[in-house]
Amino acid sequence: NIPNNIIEKIGKNLHNEPNHPLNIIKKKIQYHFQNELSSDQHQFKFFDKFQPKVTTKQNFDDLLFPNTHVGRSPNDTYYYDKNTLLRTHTSAHQSEILNDKDVNAFLVTGDVYRRDTIDAVHYPVFHQMEGVKVFKSPNSFNFKYDPNIDYYTNTEYKTMPEIKEIEDELKKSLESMIRGVIGQDLQVRWIDAYFPFTSPSFEMEILFQDQWLEVLGCGVVHPGIMNHTGFTNERAWAFGIGLERLAMILFNIPDIRLFWTQDKRFLSQFDNVDKDPNNLTNIDIKNVQFQPFSKYPSCFKDVSFWISDDFHENKFYEFVRETCGDLVEKVDLVDNFHNKKSNKTSHCYRIQYRSMERNLTNNEIDEIQLKLRNQVEVALNVKLR
Ligand code: DAH
């Protein structure tokens, strides 16, 4: 039960579209890894064409996701069936490439899919890049994988000099990359994090307009993954970065829906930024700033209903995207109350309508809102108030 508006996005491959801002960002990062972070031992290889339909094993099991992890829930993830889904991250390709012993450094870019809230920075389809680098361990490295060790917490493991060395190389490489892409004077800080597939794990935050923004996750690849991909005496680091967030910062793009627009007033602003679309060159983006063509007025409509036990907020957000398309800019849960007597819960959502491309008429919005009201009860098993 993957909705049509999602299925339609498969194959668009915005990251491979010459002069699309996501393609420009991708190439900026690839260029940096090829020219600043490769060596005789490590030549980064690029994978841009993997299909987003993957197995549950690739997306979760191989990456050591616990069976209880929320990411596995059909409320978060688009499943074709029990064993196949739309990848929720480009990490889904880590294990299969690690299995190929001819590749010891790579970047995978692709579209990823998640059920989520609706606002200017969230969209059910977005783009990520995954990077991995494998190191030969020194002979002194006395390390045997032991399935009984909890590598997330084991301090003996986490403080090994060989692990610390990988962690330092990882942080140094990613700081170099992000400054190469955004600017040399960028302020960066590291936060401890948790991911099932790395330990230790970190998030990078950058200072942008007086705010610390999380831009990527990374860490030392979990020994269990090294073990099941056939490595006995190697270590690796990995990272994953979202491309929309970075492009919005770099080009001053105010709304994530714009990446999907066909509007020439958007796309033409990036025409010719990449002087050599067929090759990997250092694209100059110094003076490339998106000029909003206008901010059309927005309009708010509320809808309230009694929910049933199987209701999940993400189901409503998805229903809204499906029925109203990209005319919705934001949806907020503005009231959530439980009636003790009837033991029922009511949700009120405020929907903000705004087109990125034109003025919407009152009639048009009323019609869409009516359609939404007419269909929501059956679609989500709720009762309008
Ligand atoms: N897959 C993670 C996500 O989508 C991002 C990530 C975190 C990738 C840490 C990595 C990593 O390779 O080591 O949120």
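The paragraphs below lead through the open and enclosed spaces of this structure, and then through two places where its helices pack. The model is predicted, not determined by experiment, and the residue numbers run from 1 along the chain.

A good place to begin is the largest pocket, which holds about 1100 Å³ of space. Its lining is made up of 44 residues, and of these Thr88, Arg114, Phe126, Gln128 and Glu214 are the closest to the centre of the pocket. To find the walls in the structure, look for the elements that give two or more residues to the lining, which are the strands E6 (125-136), E7 (188-195), E8 (198-208), E9 (211-221) and E10 (234-242), together with the helix H8 (243-251). Strand E9 provides the largest share of this lining, with 6 residues. When the lining of the largest pocket is sorted by class, 18 residues are nonpolar, 17 are polar and 9 are charged.

The second largest pocket holds about 350 Å³ of space. It is lined by 16 residues, and those that lie nearest its centre are Asn1, Arg115, Lys315, Glu318 and Leu380. Two elements give two or more residues to this lining, namely helix H10 and helix H11 (362-380), and H10 gives the most, with 4 residues. By class, the lining of the second largest pocket has 7 nonpolar, 4 polar and 5 charged residues. It is also worth seeing how this pocket relates to the domains, for its lining draws at least three residues from domain 1 (4-268) and at least three from domain 2 (299-384).

From the open pockets we can turn to enclosed space, where the count comes to 1 cavity of 30 Å³ or more. This cavity has a volume of about 70 Å³, and its lining consists of Pro3, Asn5, Ile6, Tyr78, Arg115, Asp116, Ile118, Pro124, Tyr317, Glu318 and Arg321. Helix H1 (4-7) and helix H10 (313-324) are the elements that give two or more residues to the lining of the cavity, with the largest share, 3 residues, coming from H10. The classes of these lining residues are 6 nonpolar, 1 polar and 4 charged. Where does the largest cavity lie with respect to domain 1 and domain 2? Both domain 1 (4-268) and domain 2 (299-384) give residues to its lining, and the cavity therefore lies between them. Arg115 and Glu318 are among the residues that line the cavity, and they are also among those that lie nearest the centre of the second largest pocket.

Helix H10 leads on to the packing of helices, since its axis comes within 10 Å of the axis of H11, and the two cross at roughly 135°. An angle over 145 degrees would count as roughly antiparallel and one of 65 to 115 as roughly perpendicular, so the value for this pair makes H10 oblique to H11. The crossing in which H10 passes H11 is right-handed.

A further pair to look for is helix H2 (residues 21-35) and helix H6 (residues 161-182), which pack at an angle of about 130° with their axes 9 Å apart. H2 and H6 are therefore oblique to each other as well, and their crossing, too, is right-handed.

Methods: Predicted model: local features only at pLDDT ≥ 70, side-chain atom pairs only at ≥ 80, totals over all residues. Heavy atoms only, no water. 1 Å grid on protein atoms, 1.4 Å probe; cavity = no way out; pocket = protein on both sides within 12 Å on 5 of 7 lines; lining within 4 Å. Points joined across faces, edges and corners; volume = space filled by probe spheres on them. Nonpolar A, V, L, I, M, F, W, Y, C, P; charged D, E, K, R; others polar. Domains from an automatic or database assignment. Axes fitted to C-alpha atoms, helices over the stretch in contact; angles between N-to-C directions. Parallel < 35°, antiparallel > 145°, perpendicular 65-115°, else oblique. Left-handed = near helix turned anticlockwise from the far one by under 90°.
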